[in-house]
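Thank you all for making the time this morning. I would like to walk you through one structure, and I will put the sequence and the model on the screen before I say anything about them.

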Amino acid sequence: MKNWQIIETAMAVPNKVVTNDDLSRLMDTSDEWIRSRTGIERRHISQGDNTSDLASRVAHRLLTKSGWSADDLDLIIVATMSPDAYTPSTAAIVQGKIGATKAACFDLSAACSGFVYALTVTHGMLQLPGYDRAMVIGAEVLSKLIDWQDRSTAVLFGDGAGGVLLGPSAEPAVLAQQLNSFGQLSDRIVAGHTQVATNFPRPLTDLTPFQMDGRAVYKFATHQVPMSIRTAAQQADLRLDQIDCFLLHQANARIIKQVARRLDQPLSKFPINIDEYGNTSAASEAILLDECAAKGLIHRGDTIALSGFGGGLTTATMIIKY
Ligand code: ACO
């Protein structure tokens, strides 16, 4: 078994900040409603930057912070549900921008579980000969998929990217991983659905905007996320109180508080930054990880549970030694 560790973390968000009050001037909503139902106060919204631009900014920062050269990379995975295009992959665009000539590159689509799914796939690929150094990025420009008239989704999401560099280590980082999919609930979160017309030749059609059954997803998350974390902890032979920090997908502060209650763990072990960024889907845990590292909220050797849930529906938990 080849071991790896997280060598470096980085994040990038657009400069433009949109507050709840800004949104209440666009649609029938209020700062009070958004704050009390979700914990969100503002979000960063892209003005012209696509997903690969944010991801490339993270990639450059990771290389600068680590001192690695782009040629050191064997693999780049970008987890995203808002790629620039069906093809090329966002990861290939990042590769081109940073000049990582040796790297195999592809995108991974598992919505808000995407970052942990991508870490798990990378864990497997790092066992292969020739794969020793990887870049895993979660990146989203969800604002391009949002119907800005639909208050039930528009207030929830933001744009951003975060990522990690993974490289060889003496000690194993991965203590457990749990990936689940619930395809029978696939219609609960849908974005960018394409219609196939029965006539030929057919006109080009637009993608459908983000649609979500919020209540169903809320119920799903508060039930399935604690189960996923408990199962992963059992797999790692850990009690929950032996986990130092739970980095959960930032979809709703109420969901995070409910998960903490269900796991009977103090809320202080569940960092929250949804107030600043909203739900950035596959980017959210990577952004949170980088912020926690920068603020000294997590330390080398800590046991950390990363746990995401979202479209698919999906859940994903990985327990690592940081
Ligand atoms: N502003 C004001 N009122 C609103 C808004 C808004 N932005 N949105 C909905 N309302 C109204 C509704 O119309 C409803 O009014 P009514 O009672 O007169 O019918 C009322 O507020 C309550 O609506 P609910 O949908 O019941 O509100 P709820 O408390 O469930 O909160 C929310 C909605 C925040 C979406 C919640 O259900 C939630 O967080 N769900 C989970 C979403 C999630 O986690 N998604 C992550 C996955 S996303 C991915 O994978 C990319």
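Let me begin with a small detail: which residue follows α10, and is its phi positive or negative? The residue is G296, and its phi is positive, near 70 degrees. Please keep in mind throughout that what you see is a predicted model.

Staying with that helix for a moment, α10 runs over residues 284-294 and is mostly covered, with 9 of its 11 residues buried. If you would like to find them on the screen, the buried residues are S284, E285, A286, I287, L288, L289, D290, E291 and C292, so that the list takes in acidic side chains such as E285, D290 and E291 along with I287, L288 and L289.From the helix I would like to turn to a residue at the other end of the sequence, M11, which lies in strand β1, residues 4-12. M11 is buried, because its relative accessible area is 13% and the cut-off for a buried residue is under 20%. M11 and E291 are 280 residues apart in sequence, and yet their C-alpha atoms are 8.2 Å apart in space. Leaving aside its neighbours within four places in sequence, M11 is in contact with I287, D290 and E291, and also with V58, R61, A161, G162 and Y277.

How does the chain look as a whole? The protein chain has 10 helices and 13 strands. Its radius of gyration is 19 Å, close to the 20 Å that the globule rule gives for 322 residues, and the chain is therefore as compact as a globular protein of that length. Along its principal axes, the C-alpha trace spans about 55 × 50 × 40 Å. Buried residues make up 53% of the 322 residues, and, among contacts with a separation of 6 or more, 77% are between residues 24 or more positions apart.

The domain assignment divides the chain into domain 1, covering 4-171, and domain 2, covering 175-321. The C-alpha centres of these two domains lie 14 Å apart, and 50 residues of domain 1 are in contact with 45 residues of domain 2.

Lastly, a word on the surface and the charges. The protein chain exposes about 13,800 Å², of which carbon and sulfur atoms supply 50%. There are 29 positive and 33 negative charges, and the mean positions of the two sets are 4 Å apart.

Key: Residues are numbered from 1 along each chain as its sequence is written. This is a predicted model: local features need pLDDT of at least 70, side-chain atom pairs count only at pLDDT 80 or more; totals for chains, interfaces and linings use all residues. Side-chain values use heavy atoms; hydrogens and water are left out. Helices (H or I, at least four residues) and strands (E, at least two) are DSSP runs, numbered from the N terminus. The radius of gyration is taken over C-alpha atoms; the globule rule is 2.2 Å times the number of residues to the power 0.38. Buried means under 20% relative accessible area, exposed over 50%, partly exposed in between (1.4 Å probe, protein chains only). Contact means heavy atoms within 4.5 Å. Accessible areas come from the Shrake-Rupley method with a 1.4 Å probe; for residues, only the protein chains shown count as cover. Lys and Arg count as positive and Asp and Glu as negative; His and the chain ends are not counted. The place of a charge is taken as NZ of Lys, CZ of Arg, CG of Asp or CD of Glu. Domain bounds come from an automatic or database domain assignment.
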